[in-house]
Amino acid sequence: MDEMNVSSAKYYKLEGASENEGIIATINGVEMQIPISTGNSEYVEIMRQVDAGTLSFEESVVFTP
Amino acid sequence: MSRASRLSGFTTAISGDTDLNVGIVTAKQINIDQSFTFTNINVTGVATANNLNVTGVSTLSNVVVGGATTELVVTGDARVTGILTVGTSSLTLNGDSSTITGITTINNISIASSGTYSNRNVFDNGAMKIAQRRTSESGLSNNAKFIFDRWSYRRSGSWGSNSFTMSQETVGAPPEFLFYMRVQQSGTAAAVPSDTAVYVSQGVEKSNMSTLSDGTTGTKECVISWYARGSRPGTYSLCVVKRGDTSESYTTTYSLTTDWQRFTKVIPASLKQWGDTLTSSGKAMDVYFTVAGDGSSSGIGTDTLNSWTGVPVGLVANTQEESFASTSSATFDITGIQLELGNQATPFEHLPHAIELERCRRYCQHFTCGGSGTATGANQTQSAQGTVNYTPEMRDVPTITFGTITSGTNNTGNISAFVPRKTGHVCGAQASSSGRQFWAVGLSTASAEF
């Protein structure tokens with residue numbers, strides 16, 4: 001019953017890093033930085049929507065250190 | 001007869017206004033109807049006295065004192081070496097085990113039937129004191145929103161232009177409370193759409209539910225209490241949802257009026273754990289107070305009342321809750337929400353503001369941050385880092401919402417969090433070119449809410 005409108009989501013990491021730092025997503029109109037953690041509510045909801053096929057990740061962002 | 005050292009074998013009564021002083025009296029039955037004083041009494045048969053004044057140590061067995069209205073008056077010390085049972089219920093004082101059982105109320109204060117006496121409220125911010133993010137927001141629609149810490153606005157289903165306002169109010173709070181939550185109809189008032197509902201909700205972490213758990217076998221009986229009133233009197237509902245692989249719900253109703261009332265509902269024990277397979281920081285329970293909803297919905301109006309049921313398909317809404325959405329500026333007020341072990345709702349446990357705030361900060365913290373350094377090229381994000389530490393440690397690695405850069409130089413405006421942890425993170429602003437760089441970001445939020 002909980003509503004979370006995720007309008008965009010993309011991974012981000014530092015150049016040269018092997019693992020993503022997190023996800024930059026716009027949720028309910030607000031840009032947020034979401035950790036990759038299965039205990040984080042926003043991360044769980046994003047992955048649920050991705051698995052359900054209602055959300056797709058945009059191209060990842062690679063930041064210059 | 002004025003003195004005798006030993007009397008025995010009397011077949012007729014000694015009567016008349018005469019003193020009798022004796023050493024040892026042995027009798028199968030003694031009836032005394034005037035003031036009388038014994039220094040040592042050992043009665044093994046039946047003794048009846050209208051006024052019995054015992055000054056020495058005596059042994060009495062099978063004693064019945066008084067009739068329907070007679071009291072027992074003890075002017076000196078009294079000792080009961082066995083168990084004293086008072087009344088026809090179960091109030092007992094047991095000296096051997098040093099226990100008193102059966103007390104539910106002292107001076108009109110309800111006493112917990114089990115559990116702890118401090119920090120017994122499983123809910124955070126039950127008195128609606130803490131509102132770190134904002135104290136009011138209007139136009140609430142489909143998205144979940146935290147106005148108060150730990151308590152969220154939730155709406156399910158497809159609504160039209162109807163919206164709501166949630167605010168922290170002070171005027172007219174019930175006695176002993178400074179604040180209460182108000183949910184008010186604020187958009188275009190209209191009949192509640194099918195299969196929809198608006199709720200006030202809190203999710204509870206599994207680690208805080210251990211007192212309500214019965215080992216690994218299930219849950220214990222607990223009681224929820226709250227103060228509420230509303231401009232649309234009638235039957236409203238609340239629902240407790242047990243999370244985990246074996247989710248269950250317990251829905252019940254109460255009669256809301258325009259005056260503040262304290263409501264209590266006992267939630268029976270069940271065989272399934274709170275949050276069974278979840279980690280300790282997972283959400284083991286949700287409570288939902290329904291503010292408005294479609295009572296005739298096949299999806300949300302048909303849950304079984306007052307019984308644990310399987311995975312909930314929705315929450316119960318009642319007829320009166322339907323009229324809330326169609327009544328312009330209808331209000332629903334609530335505060336003093338408490339969940340505790342046992343079946344006796346104790347007085348609301350008021351915590352100091354600082355303690356309540358600290359509890360809430362496990363789920364939401366504000367911070368500001370800044371950094372300075374020298375970039376050797378454009379777009380660098382590590383040349384002017386800042387560090388944020390969370391105190392206390394947060395429930396989980398939080399979602400971060402940065403504010404805007406309030407001051408700085410040589411920045412693109414983008415700030416990113418790196419190495420995110422429950423205890424803090426590093427953040428850096430992106431340089432727009434090489435050279436000296438500094439930045440400061442305004443009020444930002446780390447949220448580990450459910």
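## Getting to know a predicted two-chain model

Biologist: In chain B, what share of the contacts with a separation of 6 or more comes from residues 24 or more positions apart?

Modeller: Residues 24 or more positions apart are behind much of the contact count here, and this is a predicted model. Chain B is built with two helices and 33 strands. Among its contacts with a separation of 6 or more, the share from residues 24 or more positions apart is 70%.

Biologist: Thanks! How much of chain B counts as buried?

Modeller: The chain has 450 residues in total. B:Cys222 is one buried example, with a relative accessible area of 1%. Over the whole of chain B, the buried share is 44%.

Biologist: Let's turn to where the chains meet. Which element of chain A gives the most residues to the side that touches chain B?

Modeller: In this interface, 22 residues of chain A are in contact with 33 residues of chain B, and about 2100 Å² is buried between the two chains. Strand 1 (6–14), strand 3 (30–35) and helix 1 (41–51) of chain A each supply at least two residues of the touching side. The one that gives the most, with six residues, is strand 3.

Biologist: And how many residue pairs are in polar contact across the interface of chain A and chain B?

Modeller: Salt bridges between chain A and chain B number zero. On the buried area, 49% lies on carbon and sulfur atoms. For polar contacts across the interface, counting pairs with both residues at pLDDT 80 or more, the number of residue pairs is 13.

Biologist: Now a closer look inside chain B. Is B:Arg150 buried or exposed?

Modeller: B:Arg150 sits in the loop between strand 13 (145–146) and strand 14 (152–156) of chain B. Its side chain makes polar contacts with the side chains of B:Asp124 at 2.7 Å and B:Glu449 at 2.6 Å. Other residues touching B:Arg150 include B:Tyr363 and B:Phe450. Because its relative accessible area is 2%, B:Arg150 is buried.

Biologist: Why do B:Cys222 and B:Cys239 form no bond?

Modeller: Both cysteines are buried, B:Cys222 at 1% relative accessible area and B:Cys239 at 1% as well. A disulfide would need the sulfur atoms within 2.5 Å, and over all chains the count of disulfides is zero. The sulfur of B:Cys222 has its closest cysteine sulfur in B:Cys239, and the two are too far apart for a bond because the distance is 13 Å.

Biologist: Which residue meets B:Arg362 in a salt bridge?

Modeller: B:Arg362 is partly exposed, with a relative accessible area of 25%, and lies in the loop between helix 2 (353–360) and strand 27 (364–375) of chain B. Its partner is in strand 17 (residues 197–205), 157 residues apart from it. That partner counts as buried, at 1% relative accessibility. The side chains meet at 2.5 Å, N to O, and the partner is B:Glu205.

Biologist: How many residues apart are B:Arg229 and B:Asp333?

Modeller: These two side chains meet in a salt bridge at 2.8 Å, N to O. B:Arg229 is buried at 17%, and B:Asp333 is buried at 1%. B:Arg229 belongs to strand 20 (residues 222–230) and B:Asp333 to strand 26 (residues 331–341), and their separation is 104 residues.

Conventions:
Residues are numbered from 1 along each chain as its sequence is written. Chains are lettered from A and ligands numbered from 1 in the order in which they are written. Side-chain values use heavy atoms; hydrogens and water are left out. Contact means heavy atoms within 4.5 Å. Buried area is the accessible area (1.4 Å probe) that two parts lose on being put together, summed over both. A salt bridge is a side-chain nitrogen of Lys or Arg within 4 Å of a carboxyl oxygen of Asp or Glu. A polar contact is a pair of N or O atoms within 3.5 Å; within protein, one must be able to donate a hydrogen and the other to accept it, and residues adjacent in sequence count only if both atoms are side-chain atoms. Helices (H or I, at least four residues) and strands (E, at least two) are DSSP runs, numbered from the N terminus. Buried means under 20% relative accessible area, exposed over 50%, partly exposed in between (1.4 Å probe, protein chains only). Lists of a residue's contacts leave out its neighbours within four places in sequence.
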